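Please find below a colleague's note on the model, arranged as numbered points. The conventions are given early, and each term is defined where it is first needed.

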Amino acid sequence: MWPGAMLKEVLCSLFKKPATHNYPFVKIAKPEAFRGKLNFFSDKCIGCKICMRDCPSNAIIIHKIADKQFEAEIRLDKCVYCAQCVESCPKKALEATHDFELASLSQDSLRVIIK
Ligand code: SF4
Ligand code: SF4
């Protein structure tokens with residue numbers, strides 16, 4: 001590129017609003033259909049395990065804890081946040097929240113049980 005043209009670009013960039021956001025100091029609005037950490041509604045679950053069958057990364061396990069009572073074990077470190085389980089659940093017992101800041105130094109904390 002001719003140096004003069006490049007200089008013009010550099011000078012223009014100094015006065016343009018940046019295309020990036022100053023994350024994490026500035027939070028950005030997420031799209032309505034954003035797929036973050038899963039939520040589980042045990043009162044709706046019937047234990048059919050279709051969510052387990054359809055999960056591509058074996059990140060969700062449904063445990064029976066009593067008669068007609070189930071809990072969900074979700075491995076946040078395995079989940080790819082595709083929300084296939086949400087799509088597949090016939091009882092709308094799963095939802096994808098907008099929570100995505102899940103980084104942790106402890107793998108144990110990424111194994112979540114929801115009752
Ligand atoms: S698909 Fe839905 S109802 Fe069936 S086990 Fe999973 S969460 Fe429960
Ligand atoms: S969001 Fe995708 S990867 Fe995560 S538990 Fe559901 S189906 Fe599995």
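In which loop does lysine 92 lie?

1. Lysine 92 is found in the loop between α3 and β4 (94–96), where helices (H or I, at least four residues) and strands (E, at least two) are DSSP runs numbered from the N terminus. This is a predicted model, in which local features need pLDDT of at least 70 and side-chain atom pairs count only at pLDDT 80 or more, whereas totals for chains, interfaces and linings use all residues. Residues are numbered from 1 along each chain as its sequence is written, while chains are lettered from A and ligands numbered from 1 in the order in which they are written.

2. Backbone values that deserve a check come next. Most residues other than glycine have a negative phi, and most peptide bonds are trans. Lysine 92 has a phi near 55°, a positive value in a residue other than glycine, and it is exposed because it has 10 other C-beta atoms within 10 Å; with C-beta atoms placed from the backbone, a residue is exposed if 12 or fewer others lie within 10 Å of its own, buried if 20 or more do, and partly exposed in between. Tyrosine 81, in the loop between β3 and α3, also has a positive phi, near 55°, and counts as partly exposed because 16 other C-beta atoms lie within 10 Å. The peptide bond from tyrosine 23 to proline 24 is cis, with omega near 5°, and proline 24 belongs to the loop between α1 (3–15) and β1.

3. The sheet is open and consists of three strands in the order β2-β3-β5, with antiparallel pairing; two strands are taken to pair if DSSP finds at least two bridges between them. Its edge strands are β2 and β5, each of which pairs on one side only. Neighbouring strands of this sheet are turned by 25° against each other on average, direction ignored, where axes are lines fitted to C-alpha atoms, for helices over the stretch in contact, and angles run from 0 to 180 degrees between N-to-C directions.

4. Strand β2 (residues 60–66) is joined to β3 by six bridges, and within this pair alanine 66 stands opposite glutamine 69, while lysine 64 faces phenylalanine 70. The two strands form a hairpin with two residues between them, and lysine 68 in the turn has a positive phi of about 60°. Strand β5 (residues 111–114) is joined to β3 by four bridges, and valine 112 is the bridge partner of isoleucine 74.

5. In a regular strand the side chains alternate between the two faces of the sheet. Strand β3 (residues 69–75) shows this alternation, since Phe70, Ala72 and Ile74 point to one face and are buried, while Gln69, Glu71, Glu73 and Arg75 point to the other and are not.

6. The largest nonpolar core, meaning a set of buried Ala, Val, Leu, Ile, Met, Phe, Trp, Tyr and Cys residues joined through C-beta atoms within 7 Å, has 16 residues, and those with the most contacts inside it are Cys51, Ile60, Ile74, Cys85 and Leu94. The elements giving two or more residues to this core are β1 (38–40), β2 and β3, and the largest share, three residues, comes from β3.

7. Each ligand has its own shell, in which a residue is near a molecule if its C-beta atom, placed from the backbone, lies within 6 Å of it. Around ligand 1 there are 13 residues, the closest being Cys45, Cys48, Cys51, Cys89 and Ala93. By class this shell holds nine nonpolar, two polar and two charged residues, where Ala, Val, Leu, Ile, Met, Phe, Trp, Tyr, Cys and Pro count as nonpolar, Asp, Glu, Lys and Arg as charged, and the others, Gly among them, as polar. Ligand 2 is surrounded by 13 residues, the closest being Cys55, Cys79, Cys82, Gln84 and Cys85, and its shell divides into 11 nonpolar, two polar and no charged.

8. Cysteine 82 lies in the loop between β3 and α3 (84–88) and counts as partly exposed because it has 15 C-beta neighbours inside 10 Å. Not counting residues up to four places away in sequence, cysteine 82 touches Arg35 and Pro56, contact meaning C-beta atoms, placed from the backbone, within 7 Å.

Technical notes:
Two residues are in contact if their C-beta atoms, placed from the backbone, lie within 7 Å.
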